[in-house]
Every structure is written in structure tokens, then in C-alpha cells.
Amino acid sequence: MITRTIRTALQALVLAAVVAPTPLLAASEAVHIDRQKWSFAGVTGTFDKAQLQRGYQIYKEVCAVCHAMKRISFRNLAQAGGPAFPEESVKALAASFKVEDGPDDNGKMFQRPGKLADPLPSPFKNEKEARSIHNGAYPPDLSLIARARNVEYLGPWYLHPFSMVRDVVNGYQEGGADYLYALLTGYRNPPGNLKLADGMNFNAAFPGYQIAMVPPLAKDNFIKYQADAGATGSLEQNARDVTAFLSWAADPKHDERKRMGWKVLLYLLVTSVLLYFAKKRLWAKVH
Amino acid sequence: MANHESTYVPSSRFAKWMDERLPIARMMHGQFVDFPTPRNLNYLWTFGGILSFCLVVQIVTGVVLAMHFAPSANDAFDSVEHIRRDVNYGWLIRNIHAVGASMFFFAVYIHMFRGLYYGSYKAPREILWIIGVIIFLVMMATGFMGYTLVWGQMSFWGVTVITNLFSSLDGVIAGLGTKIVQWLWGGYSVSGVTLNRFYALHYLLPFVIAGLVALHIWSLHVVGQNNPTGLDIKAKADSVPMAPFAVMKDLFALSLFVLLFAWLVFYAPDWLGHADNYVEANPLATPAHIVPEWYFLPFYAILRAIPSKLGGVIAMFAAIAILVFVPWLDTSRVRSTKYRPIYRWFFWLFVISCLALGYLGAKPAEGVYVMWARVFTLYYFAHFLLVMPIVGIIETPRQLPRSITEAVLGPGGGGAKAAAAAAPEKR
């Protein structure tokens, strides 16, 4: 009941924020972001290999046109716990890119085919070039974007501690993913009275609502998957898949971490129980 | 305690030979095996051991991280990512170190509130308490500098804001503050130079803490542990030997603590962190909200509650420094708040104030938040400067038990069990 009231209140707030006149829209107020269901959420979560492979396809065909991802190398794409493409196909993929190397023995830089150890190629040479291409804006590197974003708590202050406890009990660490999904699916026509700044787009999830990034995906312009990809393409499916891929890129040891975690916790739990009884028995003599 | 004799008996010829030259085993035996601990300690007393564990964990993981970390503005952030991604189990070591800092402060705050509740600062434990306050201060410095090393946006802007506080001293002597800030930074802004010196200090200070902890424990073992009744150990029946009794209890509590620790390390490593710190430091872009780590929030709230910059800085440092004077500000003859019907209410009000200040420290300094931060800051200081001296005088404490044993076993309980505790070796 309470949660429903809060949700209604929040929805009213969001609605008010979206339809409110320009002054409110100009402020960088946080907006409500819906939590999504992710395969990698919670204690038992693991990345879905097929989803990461689809996500990489979106990344490669859409995101990589403007964004770099310097902390992921080709070899990572073949690693377990990630998209885990067959190593041979990743080698071939790497070799399809030209990489500058050198200097050689004559002091000259040269071009060679990419190798597994090379980072994913950047679409620009440096920040200056990126800004000159993108009308002054700098598309951020996407290696850590899923960790570098989060969802702000918007409920009443007295429920904040409970919300925090609920999150830690559930192991909720997917705020960044929820935000990215909301952002990728958040492009709308601006409300009638809103004047967008030059080159800006309206996005319901972006703080301040005006984002320089053009809609990377659209309802009628999304990436289609191959028949055996495990899902059919749509704006939402594309957004979901690429968000999963970005979440993996920001935390490639995720699966290993959670797999080790329950073993450690089980060990500690048994130890604690044994210690409790040992302590109880020992102290029974004096208390 | 000071006159407590070690019952150490060398068990081999080598041990006997050693004992006549360097009786370290005798000392350890006397201090950590048959050392008398009050028999009525509750689980709040397990945090001393837990804190020692935290310090060891931070030092061990820290040394390993240092082997892979590159302390320069260009490489720091990348090397942390290198640790997370490429170093064998680097993600684990880094999570333990980052979460470990939070667990360390969590434990130290419980330890401090326990000391305040049971009057563990009162004579003859003043020096013990003051060393504790100094440890807390050095811990804060260490934690603050460690957070800088990550060289994310929050690291960079946090250090910029906090070091800049010293510039308020310009109001005292013109130019003094600016000089100090430049001296801290090693330049005219926070830069790789700052990072590098913070790295050196961040590696040094934990060993300073270890030395202070040794003094803390030494002092503790001279005056003996306080206990929930606040009474001194009067008879042998009031205590049990540290090993196995207190050790066993400490181990059980530590195990639960590590359970929580592990939960955070494996399932919520970023729960207490800031997303902004996964963005590399950028001197040209300021984050929307600059917020320190959670364990500094109450002091940050006090800093911002005062309308003048210099005043805020003074208040913030005073909030820590005032702890040094607590042994003399509290006028009550009774140690334990358990027997103080009036002060008990004020104690919990103080706890609520600290929590509220922590909450407000994370909020933007505007509107109603500032108003409440002022209210709770006022109480924070009033608690020490007014409540402690006045309540101690006007309050009539409740009847104290005659001894620790009586508090545990009831008035007639001095029988078999007390004897068992007095001479556990005879069971």
C-alpha cells in the first residue's frame, strides 16, 4: 500500500517534471528510472553469453561509430564470463582492423592487422579530433560507463535507509544498467514549450533532459539479429542487449566474483555456527 | 593488571634458554593468554579485536595493491582498472581494500560509541581514550588519502574541496592559508604531485596506526578493560582468562563480521561507493554533487552547517578534538550509562544526531538540509559541553551491583560458577 502510494507519487512527480514548463526542465533534476530485470542481477546472477554476443553486435554497429572502449581488448571477447566468442573468430575479427604500430627499426610507424592483445579500436585519434567531429561534444569512453552511472534515490527521506538495506540485501548493483537502458529507450519528442539548445536531443532519462547524443536506436531503426541469436531485434531488445554488454565491459570479473562469493560465504557461515557452539560450550562452565 | 604476573612456564629447553634472554613468550602469554578479562563483557567488546583484524587486512591487501599501482596522474586510474581486470585476483584484493576501509570505520564507530556509553574514557583510562582519538584522526587522514589514489572524479574533487579548506586560514593571517594549501598540493592545483605524496603518506600512516595501536593496547593492559557495569575487577571471580574465554568470543564475533564483510566484497562492492569515481579525474569538469566517503559525512555536515568558511573548518576539527576532553567533561561518578537514568536519553539523542548529520552530509547544502544540519551540529557540541557536565552533577545514578560477579550471577551467585571462573585450570 505504502509502496503503491510512493510509486503513484513518484509517477506524478515524473509526469509533472516531463510536462512542466521550461524552467524546471532546465534544471538538472534527477528523474525516476525503472528497475529492469537483468540476468546478471543479484546473488545468483550471471551474464547471458548469447545476450553479450548480441550486445557486442550493437556496440560494434552502433556505439563504436562514435565511442571508444579502450579497456577492452579483442582477447576479452573470447574470455569465459564474457561474450566468449570462439578464439578463431575473434582473431579474424581483430585482423580485420588496421592498427598503427612501431616505430620499426627505421623509426617509422607502420600499419599491421590487429591482434588479440590490441584494445578495441577507437573511432578517433584523440579528444580534440572527437570534439571536432561531434560538434564540440566528447563521446565518453564506454569501458566503465555502466559503473560510472547510477540511479538516484528519489523517495521520501525516512524510507531511504530501508531502501539502502533492501539494496544491499539483494546485492543490487545494476543502477548503471537501469540508467543506460532508460537512456537508450528514453528519446522522445520534446514537450511543446521546450526549446532545445542547438544540436541537442530530448531524453526523458538524461539529467536536464537535453543530450548531445543523437538517438542511437529508434523504434523503426534498430539492429536485426541473425536467426540463431536467441532473440528478435527491437529497440528495447537492442537496448537491453547492449546494456548487458556494457555492464560486462565495466566488470569483466563479475561471474567469477559471484561464483567465488557463495563458496566463501558458505564457508564463513559454517565456521560461524561451529564457533558459536564452541563458545557456548566453553562459557557454560562460567556463566 | 599491571601487577598481573604471567603464569608462563617454558616447555622446552630452547624456550627456557630464550626466556632468560628475551622473555617475549612470557610477555605474550601474560598479556594475551592468562590476562584477566571481566567475565561480563558483551559483544560490543569484541570490536577491539575486530579492529586489529581490519588493520592487518588493510595493510596486507594494501601492500599487494601497491605492487601494481602507479602513483601518477596519468597512470593511477588506469592502473586501478588494470588491477580490476588483468591482475590475478586483483578484483578481489581491490574490493577487499575498498570495502575494508568502510568496514574499518564501521567497526571504529561502534567501538567509539561503546566507549562513550560505558564510560570507558573515565579514570584511569583517559590516556587509553586519548590514544584512541589520535588513532581515529590518523585513520581519517589515511582513509582520505587512500580515496585520492583511485584518481576518479570524486577522488579529485574531494581532495580539492577538503585541502582547500585550509585556505580559510587566510582570514587569520593574510596569505597563510594559501601558502599551506600550495604546500599540501605541491603546486598551484591538485595534480599528480599531490597524488604522489599522498601515496607515500598513505603507505606510511598505517604503520603509524599500528604503533599507536600497540600503545593503545599497552595502556589498556595496564588499566584493564572496562565492562558493562563500569565496576573494577575486585576479586578473581570477576574475571576469566583471556584465552580461551575472550578469544573464543572474539573469534565468533569476528567470523560474523567477516561474513558481512564478504557479502559486501562479493555482492555489493560498489554499494558504499560513488559512481562518479569510475570516471577518471578531470580538472575541467566538476561533478554535480561533491560528496566524501560515508564515514566522513557527519563531519562534512558540520563543516557546511557553519555559515563562515573558517568557522566551518574550526567546527569540523573541533568536533573531533572535543573527544579528547571527554574524560574531564563528564562529571558523573558512575562510568556505565546503564546506571544513569537521565544521561541514557541524551546518549541516544547524541547517536541520532550523528546519524542525522551523516544523512545531511550526503545532501546538497541548501534549504531545509542546512537548517537541520545546524540543529544537529548544535546538539553535537551541546552534548559534550552542556549535557556531559550538567547531567553528571544533577543525576542520581541507579544502584550499582556490588561486584561484576553479582551483576552476572545475581546476589547469591558467588558459588560454584564464580569459583570455576576464578580457577579455570582446576576444572
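Pro103(A) sits in the loop that links strand E1 (98-101) to strand E2 (110-113) of chain A. Its peptide bond with Gly102(A) is cis, with omega about 0 degrees. Keep in mind as you look around that this is a predicted model. From this loop we can move on to the rest of chain A, then to chain B, and finally to the place where the two chains meet.

**Chain A as a whole**

- Chain A contains ten helices and four strands.
- If you follow chain A along its sequence, the helices (α) and strands (β) come in the pattern α-α-α-α-α-β-β-α-α-α-β-β-α-α.
- Chain A has 287 residues, and 29% of them are buried.
- Take the contacts in chain A with a separation of 6 or more: 63% of them are between residues 24 or more positions apart.

**Two loop residues in chain A with positive phi**

- Ala84(A) is not a glycine, yet its phi is positive, at about 50 degrees.
- You can find Ala84(A) in the loop between helix H4 (74-77) and helix H5 (87-95) of chain A.
- Ala84(A) has 17 C-beta neighbours inside 10 Å, so it counts as partly exposed.
- Tyr209(A) is another residue other than glycine with a positive phi, here near 70 degrees.
- The loop that holds Tyr209(A) runs between strand E3 (201-202) and strand E4 (210-211) of chain A.
- Is Tyr209(A) buried or exposed? Tyr209(A) counts as buried because it has 26 C-beta neighbours inside 10 Å, and the cut-off for buried is 20 or more.

**Chain B as a whole**

- Chain B is built with 17 helices and two strands.
- The radius of gyration of chain B is 24 Å, close to the 22 Å that the globule rule gives for 427 residues, so chain B is as compact as a globular protein of that length.
- Measure out the C-alpha trace of chain B along its principal axes and it spans about 75 × 60 × 40 Å.
- Buried residues account for 40% of the 427 residues in chain B.
- Among contacts in chain B with a separation of 6 or more, 77% join residues 24 or more positions apart.

**A helix pair inside chain B**

- Helix H3 (residues 47-66) and helix H9 (residues 192-223) of chain B pack with their axes 11 Å apart, at an angle of about 155 degrees.
- H3(B) and H9(B) are therefore roughly antiparallel to each other, since angles over 145 degrees count that way.
- The two helices, H3(B) and H9(B), make a left-handed crossing.
- On the H3(B) side, the residues that meet H9(B) include Ser52(B), Leu55(B) and Ile59(B). Their partners in H9(B) include Tyr203(B), Pro206(B) and Val213(B).
- Sorted by type, the residues of this contact between H3(B) and H9(B) are eight nonpolar, three polar and no charged.

**Some individual residues in chain B**

- Pro244(B) lies in helix H10 of chain B, and a cis peptide bond with omega about 5 degrees joins it to Ala243(B).
- Leu251(B) belongs to helix H10 (residues 242-267) of chain B. Leu251(B) counts as partly exposed, with 17 C-beta neighbours inside 10 Å.
- Leu251(B) and Met139(B) are 112 residues apart along the chain, and 24 Å separates their C-alpha atoms.
- Gly311(B) is part of helix H12 (residues 309-321) of chain B. Gly311(B) is partly exposed, with 14 other C-beta atoms within 10 Å.
- Gly311(B) and Ser168(B) are 143 residues apart in sequence, while their C-alpha atoms are 8.8 Å apart in space.

**Where the chains meet**

- Between the two chains, 34 residues of chain A are in contact with 31 residues of chain B.
- Helix H7 (160-170) and helix H10 (254-284) of chain A each supply at least two residues to the side of chain A that touches chain B.
- Which helix gives the most to that side of chain A? H10(A) does, with 16 residues.
- The side of chain A that touches chain B is made up of 16 nonpolar, nine polar and nine charged residues.
- The axes of H10(A) and H10(B) come within 9 Å and cross at roughly 160 degrees. H10(A) and H10(B) are therefore roughly antiparallel to each other.
- H10(A) passes H10(B) in a crossing that is left-handed.
- In the contact of H10(A) with H10(B), 22 residues are nonpolar, four are polar and four are charged.

Notes. Residues are numbered from 1 along each chain as its sequence is written. Chains are lettered from A and ligands numbered from 1 in the order in which they are written. This is a predicted model: local features need pLDDT of at least 70, side-chain atom pairs count only at pLDDT 80 or more; totals for chains, interfaces and linings use all residues. Two residues are in contact if their C-beta atoms, placed from the backbone, lie within 7 Å. Ala, Val, Leu, Ile, Met, Phe, Trp, Tyr, Cys and Pro count as nonpolar, Asp, Glu, Lys and Arg as charged, and the others, Gly among them, as polar. Axes are lines fitted to C-alpha atoms, for helices over the stretch in contact, and angles run from 0 to 180 degrees between N-to-C directions. Angles under 35 degrees count as roughly parallel, over 145 as roughly antiparallel, 65 to 115 as roughly perpendicular and the rest as oblique. A crossing is left-handed if the near helix is turned anticlockwise from the far one by less than a right angle, and right-handed if clockwise. The radius of gyration is taken over C-alpha atoms; the globule rule is 2.2 Å times the number of residues to the power 0.38. A residue is buried if 20 or more other C-beta atoms lie within 10 Å of its own, exposed if 12 or fewer, and partly exposed in between; C-beta atoms are placed from the backbone.
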